[in-house]
Amino acid sequence: MAKARQDRSGAQQGFADALTNDESPGLQWDVVLVWFLRAMAVVWLVTGVGHWAILLGVFPGDAPFEGRPMAYQATTIYFAIIDLVAAVGLWLTSTWGGVMWLLAVMSDLILAIFFPHIIGHGFVTVAAMVILVATYFVISWLAARATD
């Protein structure tokens with residue numbers, strides 16, 4: 001257990017308060033959040049371009065897109081659009097970008113868990129997405145606490 005410490009006024013200070021202490025020259029969580037969002041924007045941009053490459057038949061040796069099952073076609077088109085929209089919103093660090101990114105990730109997770117035959121994600125991909133969402137919420141919470 002982390003021991004609470006006392007600040008100059010004598011009040012108890014917990015672990016979360018120590019992370020966001022304005023007196024220390026530590027991390028600025030709003031800057032960390034911006035860099036995290038920009039990194040996720042680059043990842044989702046690459047993912048969206050990958051979906052468009054499947055749509056356009058860029059990869060040699062793949063079956064033609066129109067010859068694939070309808071469920072696969074629908075999910076590929078959906079993610080080709082939503083991933084790029086989320087990437088732009090994340091890069092701009094706008095609220096709607098975070099919402100679109102969460103929608104894209106949650107859609108991907110739901111499909112991967114309940115319909116694994118449509119999207120062939122493995123356990124590592126699903127775990128990575130859950131960790132990224134949890135990281136986003138923690139950094140957002142810390143950035144919000146730092147501005148209070």
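**Entry 1. H3 against H4**

I began with helices H3 and H4, whose axes come within 7 Å and cross at roughly 150°. The two helices are therefore roughly antiparallel to each other, since an angle over 145 degrees falls in that class. I noted the crossing of H3 and H4 as left-handed. The model I am reading is a predicted one.

I then listed the residues that make this contact. H3 contributes Thr75, Tyr78, Phe79, Ile82, Asp83, Val85, Ala86, Val88, Gly89 and Leu90. From H4 come Trp96, Gly97, Gly98, Met100, Trp101, Leu103, Ala104, Ser107, Asp108 and Leu111. Sorted by class, the residues of the H3 and H4 contact are 13 nonpolar, five polar and two charged.

**Entry 2. Overall layout**

I stepped back to the whole protein and found five helices and two strands. Read from the N terminus, the order of the elements is β-β-α-α-α-α-α. The protein has 148 residues, and 32% of them count as buried. I also looked up how contacts are spread along the sequence: among those with a separation of 6 or more, 59% join residues 24 or more positions apart.

**Entry 3. H4 against H5**

I turned to the other side of the H4 entry, its pairing with H5. The axes of H4 and H5 come within 10 Å and cross at roughly 150°. That makes H4 roughly antiparallel to H5. I recorded a left-handed crossing for H4 and H5.

On H4, I find Gly98, Trp101, Leu102, Val105, Met106, Asp108, Leu109 and Ala112 in the contact with H5. Their partners on H5 are Val126, Met129, Val130, Leu132, Val133, Tyr136 and Phe137. The class count for the contact of H4 with H5 is 13 nonpolar, one polar and one charged.

**Entry 4. H2 against H4**

I next examined H2 and H4, which pack at an angle of about 50° with their axes 12 Å apart. H2 and H4 are therefore oblique to each other. H2 passes H4 in a left-handed crossing. In this contact Phe36, Met40 and Trp44 of H2 meet Trp101, Ala104 and Val105 of H4. I counted six nonpolar residues in the contact of H2 with H4, with no polar and no charged ones.

**Entry 5. The largest nonpolar core**

Which members of the largest nonpolar core touch the most other members? I found Trp44, Trp101, Val105 and Tyr136 in that position, within a core of 28 residues. At least two residues of this core are supplied by each of helix H2 (29-56), helix H3 (70-91), helix H4 (95-114) and helix H5 (123-147).

I followed valine 105 further. Setting aside residues up to four places away in sequence, valine 105 touches Trp44, Met129 and Val133. Trp44 is a residue of H2 in the contact with H4, while Met129 and Val133 belong to H5.

**Entry 6. Histidine 51**

Is histidine 51 buried or exposed? I located histidine 51 in helix H2. Its relative accessible area is 18%, so histidine 51 is buried, the limit for that class being under 20%. With residues up to four places away in sequence left out, histidine 51 touches Thr76, Phe79, Ala80 and Asp83. Of these partners, I had already met Phe79 and Asp83 in the contact of H3 with H4.

**Entry 7. Tryptophan 91**

I placed tryptophan 91 in helix H3. With a relative accessibility of 43%, tryptophan 91 counts as partly exposed. I checked its separation from leucine 37: the two are 54 residues apart in sequence, yet 6.4 Å apart in space, C-alpha to C-alpha. Neighbours within four places in sequence aside, tryptophan 91 is in contact with Arg38, Ala41 and Val42.

**Entry 8. Threonine 93**

My last look was at the loop between H3 and H4, where threonine 93 is found. What is notable about the phi of threonine 93? The phi is positive, about 50°, although threonine 93 is not a glycine. Most residues other than glycine have a negative phi. I also noted that threonine 93 counts as partly exposed, at 32% relative accessibility.

Key: Residues numbered from 1 in each chain as written. Predicted model: local features only at pLDDT ≥ 70, side-chain atom pairs only at ≥ 80, totals over all residues. Heavy atoms only, no water. Core = buried A, V, L, I, M, F, W, Y, C linked by side-chain atoms within 4.5 Å. Buried < 20%, exposed > 50% of the residue type's maximum accessible area, 1.4 Å probe, protein only. Helix = DSSP H or I, 4+ residues; strand = E, 2+ residues; numbered from the N terminus. Contact = heavy atoms within 4.5 Å. Axes fitted to C-alpha atoms, helices over the stretch in contact; angles between N-to-C directions. Parallel < 35°, antiparallel > 145°, perpendicular 65-115°, else oblique. Left-handed = near helix turned anticlockwise from the far one by under 90°. Nonpolar A, V, L, I, M, F, W, Y, C, P; charged D, E, K, R; others polar.
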